[in-house]
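Trainee: I'd like to take a close look at a single part of this model with you. Could you walk me through its main pocket and what lies beside it?

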Amino acid sequence: MKDLYTEAKNVLPNSYSRYSNFKVAAAIRMKNDAIITGVNVENASYGLSNCAERSALFSLYSLGFRKDDIKEILITTEQDDFISPCGACRQVMRELMPDDAQVHLANNKGEIKTILNKDLLPFAFTEDDL
């Protein structure tokens with residue numbers, strides 16, 4: 001887990017958060033131990049911004065990885081408090097990650113809380129609902 005935290009912290013400065021100044025980074029461990037990272041990227045039109053979790057997920061899908069390749073994700077910020085994914089990220093994570101994938105929320109002190117992906121968004125709208 002320390003390597004996930006280190007990777008996320010290493011890319012945190014890459015965040016493009018000039019409007020909120022709220023940097024977020026995510027690091028996803030694949031089952032083959034590859035680590036894919038992402039940061040939040042803001043836009044003057046706030047609705048067109050992208051969170052770190054989705055940036056990392058979209059990157060790994062672009063690289064050819066899929067849901068069953070994902071083991072866990074760690075999300076961190078520069079904050080001393082824990083943060084959790086926004087609603088949009090929870091929905092995307094629920095579809096693009098295994099339900100039993102671990103989601104680690106890390107604060108700036110290196111403390112970590114872990115929950116399962118399926119517990120972030122109970123009663124999620126999924127492909128089974130279509």
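What volume does the largest pocket have?

Mentor: Happy to! The volume of the largest pocket is about 210 Å³, counted as the space filled by probe spheres set on grid points joined across faces, edges and corners. A pocket here is an open set of points on a 1 Å grid over the protein atoms alone, where a 1.4 Å probe fits, with protein on both sides within 12 Å along at least five of seven lines. This is a predicted model, so local features need pLDDT of at least 70 and side-chain atom pairs 80 or more, while totals for chains, interfaces and linings use all residues. Residues are numbered from 1 along each chain, and side-chain values use heavy atoms, without hydrogens or water.

Now the walls: 15 residues line the largest pocket (an atom within 4 Å of a point), and Phe22, Val24, Asn40, Cys51 and Glu53 lie nearest its centre. By class, the lining holds 8 nonpolar, 4 polar and 3 charged residues (charged being Asp, Glu, Lys and Arg; nonpolar Ala, Val, Leu, Ile, Met, Phe, Trp, Tyr, Cys and Pro; polar the others, Gly among them). Helix H2, residues 52-62, gives the most to this lining, with 3 residues (helices are DSSP runs of H or I, at least four residues; strands are E, at least two).

From H2 we can step to helix H3, residues 87-96, where Cys89, Val92, Met93, Arg94 and Leu96 are buried (under 20% relative accessible area, 1.4 Å probe, protein chains only). These buried H3 residues pack against H2, strand E3 (70-77), strand E4 (102-106) and helix H4 (117-120), with contact meaning heavy atoms within 4.5 Å.

Note on methods:
Buried means under 20% relative accessible area, exposed over 50%, partly exposed in between (1.4 Å probe, protein chains only).
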